[in-house]
Amino acid sequence: MNTNKAVLPLIFLTVACASPVEYRYARGGPELIKNEEGHVVGQKEMLRDATTGEMYENIVYFTPRRDETGKIIGYEEPMAPGVVLRDFNGRRVGVRYNDLRSRGTNPRSDGVTVIVNPARAE
């Protein structure tokens, strides 16, 4: 009887973890959210659970990125390994990775930032 009490929760846990939830776009793809200045400040996704058909709305707002004078120069979208840097139109222009190796010597560091500037026609 005691072994049944110990095994039963493990069976429920295994069944719960074995069924992954798969979301798909319900409408085309993400919709851009713009502020009154026309800057893309976030995105909204309508997702649908593939097995149950349940709808899920996922809204992500971007954090403003400012220069030394306080002027907004772009926006940051949080991602798992770091941050994606976006311009005012919502295009990806760079990334910032959180590097944990330098946290001991520079604890206030935001990490390594890589910005790609497009080539300009002359």
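This report describes selected residues and strands of a predicted model.

**Glu77 and its surroundings**

Glu77 belongs to strand β6, which spans residues 72-78. With a relative accessible area of 4%, Glu77 is buried, since the cut-off for that class is under 20%. Its side chain forms a polar contact with the side chain of Arg86 at 2.6 Å. Apart from neighbours within four places in sequence, Glu77 is in contact with Gln43, Val60, Phe62, Gly82, Val83, Val84 and Arg86.

**The aromatic pair**

A search of the whole structure yields 1 aromatic pair. It consists of Tyr75 and Phe88, whose ring centres lie 6.3 Å apart; the planes meet at 75 degrees, so the arrangement is edge-to-face. Tyr75 is located in strand β6, whereas Phe88 sits in the loop between β7 (82-86) and β8 (92-97); the pair therefore ties together parts that are 13 residues apart in sequence.

The accessibility of three residues discussed above is listed here.

| Residue | Relative accessibility | Class |
|---|---|---|
| Glu77 | 4% | buried |
| Tyr75 | 4% | buried |
| Phe88 | 29% | partly exposed |

**The β3-β4 hairpin**

Strand β3 (residues 40-49) pairs with strand β4 (residues 55-61) in the antiparallel sense, over 7 bridges. Within this pairing, Met46 stands opposite Glu57 in β4. The two strands, β3 and β4, form a hairpin with 5 residues between them. In the turn, Gly53 has a positive phi of about 80 degrees.

How values were computed: Residues are numbered from 1 along each chain as its sequence is written. This is a predicted model: local features need pLDDT of at least 70, side-chain atom pairs count only at pLDDT 80 or more; totals for chains, interfaces and linings use all residues. Side-chain values use heavy atoms; hydrogens and water are left out. Helices (H or I, at least four residues) and strands (E, at least two) are DSSP runs, numbered from the N terminus. Buried means under 20% relative accessible area, exposed over 50%, partly exposed in between (1.4 Å probe, protein chains only). A polar contact is a pair of N or O atoms within 3.5 Å; within protein, one must be able to donate a hydrogen and the other to accept it, and residues adjacent in sequence count only if both atoms are side-chain atoms. Contact means heavy atoms within 4.5 Å. Rings of Phe, Tyr and Trp (its six-membered ring) pair if their centres lie within 6.5 Å; planes under 30 degrees apart count as stacked, over 60 as edge-to-face and the rest as tilted. Two strands pair if DSSP finds at least two bridges between them.
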